[in-house]
Structure formats: C-alpha cells, structure tokens
Amino acid sequence: MATATQLMTAEEFLQLPDSPGAEQMELVRGVIAMTPPATAGHGHRARRVQREIEDFVLRHNLGVTSGEGGYRLARNPDTVRAPDAAWIAFDRLPGGKFPEDAYPDAAPNLAVEVVSAGDRDSDIAGKVADYLEAGSDRVWVVRSKQRSVTVHRTGGDSHTYRGSDVLSSDDAGFPVPGFTLTVSSLFD
C-alpha cells in the first residue's frame, strides 16, 4: 500500500535541529534533499568566486552577497536552494536586508553552483532550472574538472567559458559595467 508523503514547508525546514551535515540539505518541492559534504577544494573554489562577486557588489553598492545561504524559490510545495555563492539586489529584499529568521522569498540575481565530484548532471540542471524559474538573471555552473564556467540566462541561453575567457558584468547580471573575471584564475 502506498502512503502519501508529508511535504515540508520552508518554515518547518528552517526549524530542523542543528545536526552534522545539515548544511548539505536543501528543500526541493517539499522534500529534503541531502548531498555528501563537499571537498575542501570545492569550498576553496566557492569562496574564491564569492569573494570576486562580493568585492564588485560592495564597491558599487549593488546589493548583498551570500554563500551557502538558503533562498525560498517556490511555494506550495516549497523549494529552498542554497547556492555556493550569490548576489541579490537590495530591491529584491524587504528593507534591502536578508531576514534574520527566515529564508528570503526571492531568487538571487546571480546564483553560483560549484560542481562536486558526486554531483549528478541532472541535479545540477534541476538547480539551474529552479533558480531561473524563480527569477534569477544568471546562474553559473563552475566545473573544476573541465576548468570551465557555464553561464545560464533566462530564456534558455547559455555559454561555456574556459581558460583565458573573461566573465563580464553582463555574465554576472550586474547593472553596471566593469566586472571582469578570467576563468583560469578560479582554478589556479
């Protein structure tokens, strides 16, 4: 006999007790999705990307940045995704700040996913689709093995950059010019 699965809300998800591995959980259409802990190399790469984005966002007062913080992307059933790095414009957040006790009900302007060795392509594609459907302007998929960054845009457009290719403000969804990031610098 099949039984109905009780779907979890973002508020219930937020109230789960702290436990080892909790930072590797996301809520996907009301169901908890677990992933193995990332490697130190993954964390290093994610932090490197976040630092580049954060420097530009702060210098131009564009919004706020996050790393591994959850965003509620959908309701009924709820989806909470936690990109490895992100930036979100002030006007997408009430009062221009992250809520202290809830997930923001907004998609980041840019969400960055750094692919780990155990990540499945279908799971990464699902994350990209969730961010774009929720209103993200850009989603970066950083692949260490391929030493590449694929930039996904709304409407299904995507482009993969490698080596000496340079990511620009347009690639990050920034409303001002001047951002440059050479792809190879992420893998040095």
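Colleague: Which residues do ring pairs link into a cluster?

Modeller: This is a predicted model, with side-chain atom pairs counted only at pLDDT 80 or more. The structure holds 6 aromatic pairs. Ring pairs join five named residues into one cluster: Phe56, Trp87, Trp140, Phe174 and Phe179.

Colleague: Is the pair of Trp140 and Phe179 stacked, tilted or edge-to-face?

Modeller: The ring centres of Trp140 and Phe179 are 6.4 Å apart, and the planes make 40 degrees. Stacked needs under 30 degrees, and edge-to-face needs over 60. The value of 40 degrees meets neither cut-off, so the pair is tilted.

Colleague: How many residues apart are Trp140 and Phe179?

Modeller: Trp140 sits in strand S8. Phe179 sits in the loop between helix H4 (169-172) and strand S12 (180-182). The pair links distant parts of the chain, 39 residues apart.

Colleague: Is Trp140 buried or exposed?

Modeller: The cut-off for buried is under 20% relative accessible area. Trp140 has 0% relative accessibility, so Trp140 counts as buried. Its partner Phe179, at 5%, also counts as buried.

Colleague: What kind of aromatic pair do Phe174 and Phe179 form?

Modeller: Phe174 is buried, with a relative accessible area of 8%. The centres of Phe174 and Phe179 are 5.2 Å apart, with 70 degrees between the planes. Over 60 degrees counts as edge-to-face. At 70 degrees, the pair is therefore edge-to-face.

Colleague: Which strands are the edge strands of the open sheet?

Modeller: The sheet has 6 strands in the order S3-S6-S7-S8-S9-S10, with mixed pairing. An edge strand here pairs on one side only. That applies to strand S3 (63-66) and strand S10 (158-162).

Colleague: By how many degrees are neighbouring strands of this sheet turned against each other on average?

Modeller: The sheet is open and its pairing is mixed. Direction is ignored for this average. The turn is 15 degrees.

Colleague: Which residue in S6 does Val64 stand opposite?

Modeller: S3 and strand S6 (residues 85-89) pair in the antiparallel sense over 4 bridges. Across this pairing, Val64 faces a residue of S6. That residue is Ile88.

Colleague: What angle does the direction of helix H2 make with that of S7?

Modeller: Helix H2 (residues 40-59) packs on the sheet. Its contacts are with S3, S6, strand S7 (110-115) and S8. Its direction makes an angle with that of S7 of about 160 degrees.

Colleague: Why does the end-to-end distance of H3 agree with what its residues should span?

Modeller: Helix H3 (residues 121-134) lies across S7, S8 and strand S9 (148-153), at about 160 degrees to S8. H3 has 14 residues, and the rise is 1.5 Å a residue. The expected span uses one less than the number of residues. That gives 20 Å, and the end C-alpha atoms are also 20 Å apart, so the two agree at 20 Å.

Colleague: Which residues of H3 are buried?

Modeller: An α-helix has 3.6 residues a turn, so residues three or four places apart point the same way. What covers the buried residues of H3 includes strand S1 (25-28), S4, S5, S7, S8 and S9. Those buried residues are Ile124, Lys127, Val128, Asp130, Tyr131 and Leu132.

Colleague: Which residue follows H3 with a positive phi?

Modeller: The phi in question is near 120 degrees. The residue that follows H3 is Gly135.

Colleague: Is Arg138 buried or exposed?

Modeller: Arg138 is found in strand S8 (residues 138-143). Leaving out residues up to four places away in sequence, its contacts include Asn109, His152, Asp170 and Asp171. Its relative accessibility is 13%, so Arg138 counts as buried.

Colleague: Which residue in the turn between S9 and S10 has a positive phi?

Modeller: S9 and S10 run antiparallel, joined by 5 bridges. Val149 stands opposite Tyr161 in S10. The two strands form a hairpin with 4 residues between them. The turn residue with a positive phi, about 90 degrees, is Gly155.

Colleague: What distance separates the C-alpha atoms of Val166 and Thr182?

Modeller: Val166 lies in strand S11 (residues 166-168). Among the residues Val166 touches are Tyr161, Leu181 and Thr182. Val166 and Thr182 are 16 residues apart along the chain, and their C-alpha atoms are separated by 4.3 Å.

Key. Residues numbered from 1 in each chain as written. Heavy atoms only, no water. Buried < 20%, exposed > 50% of the residue type's maximum accessible area, 1.4 Å probe, protein only. Contact = heavy atoms within 4.5 Å. Pairing = 2+ DSSP bridges. Axes fitted to C-alpha atoms, helices over the stretch in contact; angles between N-to-C directions. Phe/Tyr/Trp six-rings, centres within 6.5 Å; stacked < 30°, edge-to-face > 60°.
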